[in-house]
Amino acid sequence: MIRLKSPEEIVKIEVAAKIVAEVLMRLSEYAVVGASAYDMEMAATEFIHNRGGTPAFKGYGGYPYTLCVSVNDEIIHGFPSRDKIFAAGDIVSVDCGVLKDGYYGDAAKTFVVDEFLNERDRLLLEKTEESLYEGIRAAVAGNRLGDIGHAVQTCVEGVGFSVIRDYVGHGIGSSLHEDPHIPNFGRQGSGMLLRVGMTLAIEPMVASGQYNVELLEDGWTAVTADGSRAAHFEHDIAIMEDGPRILSRL
Ligand code: MF3
Ligand code: CO
């Protein structure tokens, strides 16, 4: 069931989402050679608490950390472990959720450590982020859910990359994951009608190779089956009268 949000509720989601945005901004400092995913975890946890928020992922379905830190062929839900030490050319996807005053924010971003190893990695990050904004542009009242997925997919497949199918975006608000599911693929004009007051987490996950995924033995980390690299960008948006409003941007 989808509950449309009041303007007051949208403000609360925005407060939580802006804390996430600040966390991600600060973590760029840690996407350097020799730093570890655990350094990011510590910094993020402290920052969220200082802002009066609570890490939203920790304990969610048993997930053990504040952050998901997914490196190279890891797509999402990678653990921010101490032995995950960054090397030049790594691409590091960081996903973070915050609960504040009963409402959630959730956003993600992929960093490159030092410099790209090759042009394809650079294009992967560029296109994944671009596809997020294409998806957001399609999130207007009167459009349908499939228009979002179609916009993302078209952007990504145009250059030979694949959108991950096994994980999707979601509604967000007083729960971290609300209806509807938001696939990053779809048919134009298909699916549920988009309405003013919907709050959505749009999150393209894109592989430079094929979209098939495998789960590591930790039960969480999703990697590409073909070992190709993956990127992930996520924003929370609210559908307003005059179009989509990005809540998780500073
Ligand atoms: N942004 C991801 C999602 O919405 C991260 C969730 S991590 C989890 O699925 F631990 F909360 F599952
Ligand atoms: Co999400």
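How many residues apart are R122 and E126 in helix α3, and what does that come to in helical turns? The answer is four residues, so R122 and E126 are separated by about one helical turn. Keep in mind that we're looking at a predicted model here.

Okay, so those two side chains, R122 and E126, meet in a salt bridge, at 2.5 Å from N to O. And R122 has another partner: the side chains of E119 and R122 also form a salt bridge, this one at 2.7 Å, N to O. E119 is in helix α3 too, which covers residues 119–137, and E119 and R122 sit three residues apart, again about one turn of the helix.

What about exposure? R122 comes out at 29% relative accessibility, so we call R122 partly exposed. E126 has a relative accessible area of 38%, and that makes E126 partly exposed as well.

Now let's move away from the helix. E74 and K84 pair up through their side chains in a salt bridge, with 3.0 Å between N and O. E74 belongs to strand β3, residues 74–76, while K84 is in the loop between β3 and β4, so this pair ties together parts that are ten residues apart in sequence. Buried or exposed, then, for E74? Buried, because its relative accessibility is 13%, and the cut-off for buried is under 20%. K84 is buried too, with a relative accessible area of 13%.

One more spot to look at: E14, K18 and R245 are linked in a network of salt bridges. Across the whole structure, the count is twelve salt bridges, and the ones I've shown you include E74 with K84 and R122 with E126.

Conventions
Residues numbered from 1 in each chain as written. Chains lettered and ligands numbered in written order. Predicted model: local features only at pLDDT ≥ 70, side-chain atom pairs only at ≥ 80, totals over all residues. Heavy atoms only, no water. Salt bridge = Lys/Arg side-chain N within 4 Å of Asp/Glu carboxyl O. Helix = DSSP H or I, 4+ residues; strand = E, 2+ residues; numbered from the N terminus. Buried < 20%, exposed > 50% of the residue type's maximum accessible area, 1.4 Å probe, protein only.
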